[in-house]
Amino acid sequence: MFIKINEFDIENVSISLDNMAIISEKDILVDAINKMQFFGHGICCIVNSNNELEGVLTDGDIRRLMLKFQGPLSSLMVRNAIDFATKKPVCISPHSDFLESLRLLQEKEIWDAPIVEKGKLVGLVHLHHVVGKLISSIE
Amino acid sequence: MAKKIHIGYGDVNKVSIGDKEPLAFIGGPCAIENREHALMMADIIGEICDKLKIQWIYKSCFDKDCRSAPGSFHGCGIDKGLDILAEVRDIYKVPVVSDFSDAAWAKATGEVCDLIQVPAYLCRQTSILRAAAETKRPVHLKKGQFMSPWNMKNSVLKLESFGCDQILLTDRGTFMGYNMLVNDMTCFPIMRRTGYPVCFDATHSIQLPTSMGNVSGGQREFIPYLVRSAVACGINALFMEVHNDPKNALSDPNTVLDVRYLENIISQAQKVHQTYQDIVEQFGENNVHQD
């Protein structure tokens with residue numbers, strides 16, 4: 001029983017743009033949470049009108065925000081999501097080495113990383129998705 | 001920092017509202033009573049504003065659709081009202097604003113008015129917001145008495161989705177139980193988060209809505225306190241309805257400010273506004289515990 005790791009690259013484990021949570025920099029927090037809920041991912045990518053990545057908002061960001069925020073929840077939900085986003089997230093290039101990328105996620109203790117090429121968002125690496133692909137390739 | 005909005009088309013005196021701009025005043029009789037009265041009020045208020053060098057917008061409405069009683073004065077009607085506002089504009093070169101309560105009235109209102117007002121009770125009605133945005137005029141959006149300041153973001157997003165990017169957000173008090181309004185001064189920094197300038201409506205804030213059975217009461221003695229507080233919280237414009245003879249005013253007789261107090265109140269507001277701007281200049285924006 002083994003996995004042919006050499007057969008994997010970032011592109012064939014990536015999640016495409018139409019299957020991940022993406023919002024614009026003008027969208028409010030509730031839009032981000034709704035998209036994350038819909039796709040079942042713990043990350044929402046925030047892009048500008050040129051599809052350039054401006055930041056990411058994760059489950060962890062939202063947890064920390066909930067612990068810190070002391071106003072009414074309804075006042076939080078209408079704030080711009082970008083205000084609470086990580087502006088310089090860990091990103092992966094579509095041409096990155098597959099194992100190196102997994103090591104990076106492990107080292108940073110994160111589950112997801114946007115795939116960015118020349119500043120533009122092109123997809124998402126999500127560890128569950130990667131593990132699923134690896135398991136299904138076991139011979 | 002709030003974006004600047006620009007009010008006035010044609011040859012009227014232009015009004016700019018925003019941070020680092022002088023305080024603006026929006027005022028006039030609540031309802032257009034008749035041509036002579038409208039012109040007289042424009043003359044009196046204009047003279048005071050000229051003396052105090054405050055940029056101003058004449059406000060008066062042609063239809064008061066939210067009266068408590070069916071027998072109350074409902075307004076002079078859209079055709080007559082807009083003709084009178086056009087004449088005020090033309091004679092005094094002052095930008096004018098009126099609200100509209102029916103989406104079908106928006107187009108005609110926008111053809112005359114420099115600023116188009118969305119009534120507080122209708123501030124979340126999509127059809128009204130769409131109609132206001134489609135006039136292409138700047139929109140004066142009043143916070144409903146039933147709305148939280150942060151939920152006004154949704155109305156702003158609606159206006160923006162219909163192409164409007166010139167919005168003034170105004171607080172006119174918030175319901176506390178029945179027949180009672182309170183002013184939460186944090187509503188100004190909260191509404192400023194939308195990126196648009198904010199305004200305080202002093203004369204409606206002291207209203208006791210429909211507290212007299214079928215007419216609203218008011219506590220006008222509190223106007224100076226609330227004005228000074230709101231200006232100190234960084235408002236960009238002050239709104240007050242004024243009348244030469246409040247007890248005989250056809251609309252809001254218990255809340256309109258007697259015009260004889262206008263110079264005093266505006267002078268106080270200007271002084272506090274200058275102090276506020278000096279404070280921001282010296283100590284920076286109010287960014288305490290924002291992290």
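1. Start with a cut-off, since the helix points below lean on it: a residue is called buried if 20 or more other C-beta atoms lie within 10 Å of its own, and exposed if 12 or fewer do. By that yardstick, helix α8 of chain B (residues 223-232) has L226(B), V227(B), A230(B) and V231(B) as its buried residues. These four cover an arc of only 125° around the axis, so they sit on the same side of α8(B).

2. Before going on, keep in mind that this is a predicted model. The scores are ipTM 0.77 and pTM 0.90. For chain B, the mean pLDDT is 95, and 100% of the residues reach 70 or more.

3. Back to α8(B) and its neighbours. The buried residues of this helix pack against α6 (187-192), β11 (198-201), α7 (202-205), β14 and α9 of chain B. Just after the helix comes G234(B), with a positive phi near 95°. If you are browsing the backbone, that glycine is a handy marker for what follows α8(B).

4. Helix α1 of chain B is worth a look too. It runs over residues 35-52, which is 18 residues, and spans 26 Å from first C-alpha to last, close to the 26 Å expected at 1.5 Å a residue. Its buried residues include A38(B), M41(B), A42(B), I45(B) and C49(B). They take up an arc of only 105° around the axis, and that puts them on the same side of α1(B).

5. What about the other side of α1(B), and which residues are exposed there? They are E36(B), D43(B), E47(B), D50(B) and K51(B). So that you can place the buried side as well: the cover over the buried residues of α1(B) includes β3 (24-28), β4 (55-59), α2 (78-92), β14 (237-243) and α9 (262-283) of chain B. β14 and α9 are thus on the list for α1(B) and also on the list for α8(B). After α1(B) comes K53(B), where phi is positive, near 55°.

6. Now chain B as a whole. There are nine helices and 15 strands in this chain. Its radius of gyration is 17 Å, close to the 19 Å that the globule rule gives for 291 residues, so chain B is as compact as a globular protein of that length. The C-alpha atoms fill a box of roughly 55 × 45 × 40 Å along the principal axes. Of the 291 residues, 49% count as buried. Among contacts in chain B with a separation of 6 or more, residues 24 or more positions apart account for 67%.

7. Chain A, for its part, has six helices and five strands, and along the sequence they come in the pattern α-β-α-β-β-α-α-α-β-β-α. Its radius of gyration of 16 Å is close to the 14 Å from the globule rule for 139 residues, so this chain too is as compact as a globular protein of its length. The box for its C-alpha atoms is roughly 55 × 30 × 25 Å, taken along the principal axes. Buried residues make up 29% of the 139 residues. Of the chain A contacts with a separation of 6 or more, 60% are between residues 24 or more positions apart.

8. Last, how many residues of each chain are in contact across the interface? Five residues of chain B touch four residues of chain A. On the chain B side, that splits by class into one nonpolar, three polar and one charged.

Technical notes
Residues are numbered from 1 along each chain as its sequence is written. Chains are lettered from A and ligands numbered from 1 in the order in which they are written. This is a predicted model: local features need pLDDT of at least 70, side-chain atom pairs count only at pLDDT 80 or more; totals for chains, interfaces and linings use all residues. pLDDT is the predictor's confidence in each residue, from 0 to 100. Two residues are in contact if their C-beta atoms, placed from the backbone, lie within 7 Å. Ala, Val, Leu, Ile, Met, Phe, Trp, Tyr, Cys and Pro count as nonpolar, Asp, Glu, Lys and Arg as charged, and the others, Gly among them, as polar. Helices (H or I, at least four residues) and strands (E, at least two) are DSSP runs, numbered from the N terminus. The radius of gyration is taken over C-alpha atoms; the globule rule is 2.2 Å times the number of residues to the power 0.38. The expected span of a helix is 1.5 Å times one less than its number of residues. The arc is that of the directions from the helix axis to the C-beta atoms.
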